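Thanks for passing this one along. Here are a few friendly comments to read beside the model.

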Amino acid sequence: MGPQAVYQDDNARLHRARVVNDFLQQSGVNRMEWPACSPDLNPIENLWDELDRKVRSNHPPPRDVQHLYQMLQAEWQALPQRIFTTLVHSMRTRCVECQNSQGGCTHY
């Protein structure tokens with residue numbers, strides 16, 4: 001990722017476990033400061049949801065982990081660019097809503 005990369009997570013417990021913190025610190029990974037309880041700021045959650053719906057709509061369901069992996073890759077490649085663009089452009093509104101709700105829930 002390079003020396004300018006910054007790791008972003010959503011403060012979920014598993015992302016903040018001591019073993020994760022120790023690994024990131026030992027690896028020299030910079031971590032982005034993130035408001036507590038603000039997963040609405042993370043647009044990747046919307047992408048995971050879209051990908052989940054696409055994979056679940058396939059019939060029959062994946063028969064094993066390798067098949068699931070292939071389905072995930074195919075559906076990821078098929079996601080329209082407009083989804084990514086819309087999510088990127090939503091960041092200003094997400095931040096304003098999060099600030100207005102004092103870190104609480106937003107409509108995202």
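The points below deal with helix packing and then with one loop residue.

1. Please keep in mind that this is a predicted model. Two packed helices are described by the angle between their axes and the distance between the axes, and I follow that habit here.

2. Start with helix α2 (residues 44-56) and helix α3 (residues 65-78), whose axes lie 10 Å apart at an angle of about 115 degrees. The crossing of this pair, α2 with α3, is right-handed.

3. Which residues of α2 and α3 meet? From α2 come L47, W48, L51, K54 and V55, and they meet L68, M71, L72, E75 and W76 of α3. By class, this contact of α2 with α3 has eight nonpolar residues and two charged ones, with no polar residue.

4. Helix α2 also packs against helix α4 (residues 81-89): the two axes come within 10 Å and cross at roughly 155 degrees. An angle over 145 degrees counts as roughly antiparallel, so α2 is roughly antiparallel to α4. Here too the crossing, α2 past α4, is right-handed.

5. On the α2 side of this second contact are N46, L47 and E50, which meet I83, F84 and L87 in α4. The contact of α2 with α4 divides into four nonpolar residues, one polar and one charged. Note that L47 appears in the contacts of α2 with both α3 and α4.

6. Finally, is S90, in the loop between α4 and α5 (91-100), buried or exposed? S90 is buried, because its relative accessible area is 9%, under the 20% cut-off. A polar atom of the S90 side chain lies 2.7 Å from the backbone oxygen of L87, and L87 is one of the α4 residues that meet α2.

Definitions and conventions: Residues are numbered from 1 along each chain as its sequence is written. This is a predicted model: local features need pLDDT of at least 70, side-chain atom pairs count only at pLDDT 80 or more; totals for chains, interfaces and linings use all residues. Side-chain values use heavy atoms; hydrogens and water are left out. Axes are lines fitted to C-alpha atoms, for helices over the stretch in contact, and angles run from 0 to 180 degrees between N-to-C directions. Helices (H or I, at least four residues) and strands (E, at least two) are DSSP runs, numbered from the N terminus. A crossing is left-handed if the near helix is turned anticlockwise from the far one by less than a right angle, and right-handed if clockwise. Contact means heavy atoms within 4.5 Å. Ala, Val, Leu, Ile, Met, Phe, Trp, Tyr, Cys and Pro count as nonpolar, Asp, Glu, Lys and Arg as charged, and the others, Gly among them, as polar. Angles under 35 degrees count as roughly parallel, over 145 as roughly antiparallel, 65 to 115 as roughly perpendicular and the rest as oblique. Buried means under 20% relative accessible area, exposed over 50%, partly exposed in between (1.4 Å probe, protein chains only). A polar contact is a pair of N or O atoms within 3.5 Å; within protein, one must be able to donate a hydrogen and the other to accept it, and residues adjacent in sequence count only if both atoms are side-chain atoms.
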